[in-house]
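Let's take a walk through this one together. Have a look at the whole thing before you zoom in.

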Protein chains: 2
Amino acid sequence: MSRFFTKTLEELEPYVPGEQPQNQKYIKLNTNENPYPPSPWVKEVLTADEADKLRLYSDPTCKTLVDALSARYDLEPDQIMLGNGSDEVLAFAVRAFCDENTPLVFPDVTYGCYPIWASLNRISTKIIPLEEDFSIDPTKYYNAGGTIVLANPNAPTGMALTRDQMEGILKNNQENVVIVDEAYVDFGAESCLNLIPYYDNLVVVQTFSKSHNLAGARVGYAMAQASLIEDLNRIKFSFHPYNINRLSMLAAAASIQDVAYFRNCCEKIIRTREETAKTLKEMGLEVLPSKANFLFARTDRILGADLYKSLKARGVLVRHFGKPRTAPYVRITIGTDEEMKAFLNILGDLLRGQGA
Amino acid sequence: MSRFFTKTLEELEPYVPGEQPQNQKYIKLNTNENPYPPSPWVKEVLTADEADKLRLYSDPTCKTLVDALSARYDLEPDQIMLGNGSDEVLAFAVRAFCDENTPLVFPDVTYGCYPIWASLNRISTKIIPLEEDFSIDPTKYYNAGGTIVLANPNAPTGMALTRDQMEGILKNNQENVVIVDEAYVDFGAESCLNLIPYYDNLVVVQTFSKSHNLAGARVGYAMAQASLIEDLNRIKFSFHPYNINRLSMLAAAASIQDVAYFRNCCEKIIRTREETAKTLKEMGLEVLPSKANFLFARTDRILGADLYKSLKARGVLVRHFGKPRTAPYVRITIGTDEEMKAFLNILGDLLRGQGA
């Protein structure tokens with residue numbers, strides 16, 4: 001920290017993203033990327049002519065992509081806002097709907113950026129612990145007295161609330177916004193999308209990073225009633241009106257239109273997840289019931305941190321989170337069948353080496 | 001504004017970007033884009049293989065591009081930080097170096113986002129009026145008592161301070177950061193880049209949007225001593241670690257390496273600017289002395305707002321800013337020779353129609 005850094009943010013602890021090795025070959029199961037390339041329609045729209053058009057600014061209203069999302073989800077264009085990844089969308093929502101008197105409310109075990117955005121904006125937080133089994137008791141969020149953000153499915157557990165449970169939370173927080181972070185929803189959980197017409201306090205956030213195979217394009221979006229989208233746009237246009245670049249906008253619009261490809265990828269990942277979970281349990285691991293494209297698993301035979309290190313030494317990257325409740329676990333992204341088979345073989349060898 | 005929007009930002013006035021018509025054909029001289037396409041090297045790196053790799057996150061450290069900039073500007077990699085456009089870099093700098101006790105200091109006529117970022121972060125401002133002739137008196141920024149941000153060349157005037165004048169400001173603000181926004185520097189002004197080794201309070205911000213023909217890719221960067229870059233990264237990693245997408249990173253790295261193409265485009269724009277300024281003066285307009293890729297010009301014969309409207313009706317988009325000091329003027333981006341010739345013909349007809 002330099003001597004010029006604002007004293008008001010001295011406590012800020014930045015997010016530590018999962019390793020993104022650029023040169024070495026790993027079986028990369030650590031950052032919840034999709035193992036399949038994006039729809040072939042994506043490369044068709046990234047033409048030499050579009051490369052030349054990079055001299056021009058992108059459309060700050062993101063009309064092409066908003067229209068594509070509007071058609072896909074049967075919403076009005078003024079019910080959609082685009083961000084540079086869902087991280088930016090969520091950070092804007094925290095800025096728009098929280099302040100000294102309106103804390104950000106979220107579970108103790110969830111996406112690590114929520115408390116960081118609160119710190120960055122000097123907003124207080126209210127943290128509600130998960131149950132013993134890592135589930136969320138929705139009634140604990142009734143009349144929460146702040147803006148709620150819930151990842152559904154939750155990260156890094158993969159466990160989801162039902163739409164009915166989410167609706168209970170919406171009904172019992174009519175004076176506050178409820179942000180549902182649906183980054184992983186397409187892998188088997190229930191979306192809150194069709195509750196939007198009924199709740200003026202609901203913001204649904206989704207992303208192209210996982211189920212649309214476009215983590216590297218950085219596009220996320222909020223869907224809500226027009227008045228909330230107007231609020232989010234107010235923050236966006238005060239921060240960076242041109243927040244989505246031209247090529248990512250084209251890639252995302254192509255991807256959202258190729259529904260068959262999207263469904264096929266999601267189905268494959270769900271199938272691979274279920275098979276992987278079954279095998280892990282047969283190997284004696286404890287695996288949380290996941291509706292996401294990852295599994296959160298542990299074993300008594302080896303500490304989470306050691307399992308992470310041993311796997312890395314054998315060429316497999318998974319993610320380990322060092323906080324007390326998550327430390328026994330590792331988070332394993334679902335790759336291709338071949339990748340998971342290789343991972344399971346390596347894990348088997350490793351556990352046998354532990355005297356299992 | 002919804003009933004949920006934070007009361008603390010009720011006064012926030014978002015930025016109004018220049019028009020970005022998507023469907024209609026204008027001579028587009030309104031948002032300071034480069035009239036020439038990016039280096040041909042850009043399209044070579046945007047391959048089908050890279051489209052497939054969009055399934056993977058981008059490198060949060062932006063190593064490839066940081067290394068390319070490091071080689072180009074003879075800086076260490078830890079002296080460079082990348083942002084989603086220089087807007088994001090500047091917004092991060094405001095967040096890092098200002099607070100209730102450290103206002104943001106800037107001229108009354110300058111880039112419109114500076115006061116907005118201050119509002120968004122609830123930071124106070126100290127506004128120092130330009131001189132009568134729109135120049136900046138550097139001594140008025142001595143011991144300014146806050147974090148200074150100066151666009152150099154300034155926008156929308158195009159007028160620049162010399163490096164020596166900037167150094168005077170740096171020397172006389174040793175307890176505060178001086179951010180030099182060099183978005184337009186490559187069109188003839190003096191960069192503060194080579195002052196970085198001598199001033200631990202200097203942040204130089206540049207962009208690929210103008211002189212590197214990549215407005216639509218959204219890439220900007222800060223250059224400073226490592227301790228200040230560490231501060232900026234602390235904000236970046238607390239807001240959005242993956243802030244640059246994969247394709248923009250590739251495009252920018254290719255562009256920064258094609259130095260000959262860059263120089264040639266800049267020289268052409270400078271030449272066209274000088275010729276256009278000469279003709280405008282011959283036509284009786286008052287034109288500020290610009291070192292940027294635009295001209296700020298006025299005439300007694302027609303109000304700035306009316307000139308903007310009349311030009312638009314005739315197929316030419318320029319930019320008009322409605323604040324009292326800027327209202328008589330329009331800002332004219334430098335296009336190709338052909339575009340400027342067409343613009344000057346239309347303007348000539350229009351002024352003759354005003355009874356000139």
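What rotation, and how much shift along its axis, superposes chain B on chain A? The rotation is 180°, with 0.0 Å of shift and an RMSD of 0.0 Å (a least-squares fit on C-alpha atoms of residues with pLDDT of at least 70 in both copies). So the two copies are related as by a two-fold rotation axis.

A bit of housekeeping: this is a predicted model, where local features need pLDDT of at least 70, side-chain atom pairs count only at pLDDT 80 or more, and totals for chains, interfaces and linings use all residues. Residues are numbered from 1 along each chain as its sequence is written, while chains are lettered from A and ligands numbered from 1 in the order in which they are written.

Now take chain A by itself. You'll find 11 helices and 12 strands there (DSSP runs numbered from the N terminus: H or I of at least four residues for helices, E of at least two for strands). Its C-alpha trace spans about 60 × 50 × 50 Å along the principal axes. Of its 356 residues, 55% count as buried, meaning that 20 or more other C-beta atoms, placed from the backbone, lie within 10 Å of the residue's own.

And where do the chains meet? In all, 70 residues of chain B are in contact with 70 residues of chain A (C-beta atoms, placed from the backbone, within 7 Å). On chain B's side, α7(B) gives the most, with 8 residues. The copies meet through the same surface, because 100% of the interface residues of chain B are also interface residues in chain A.

Note on methods
Two residues are in contact if their C-beta atoms, placed from the backbone, lie within 7 Å. A residue is buried if 20 or more other C-beta atoms lie within 10 Å of its own, exposed if 12 or fewer, and partly exposed in between; C-beta atoms are placed from the backbone.
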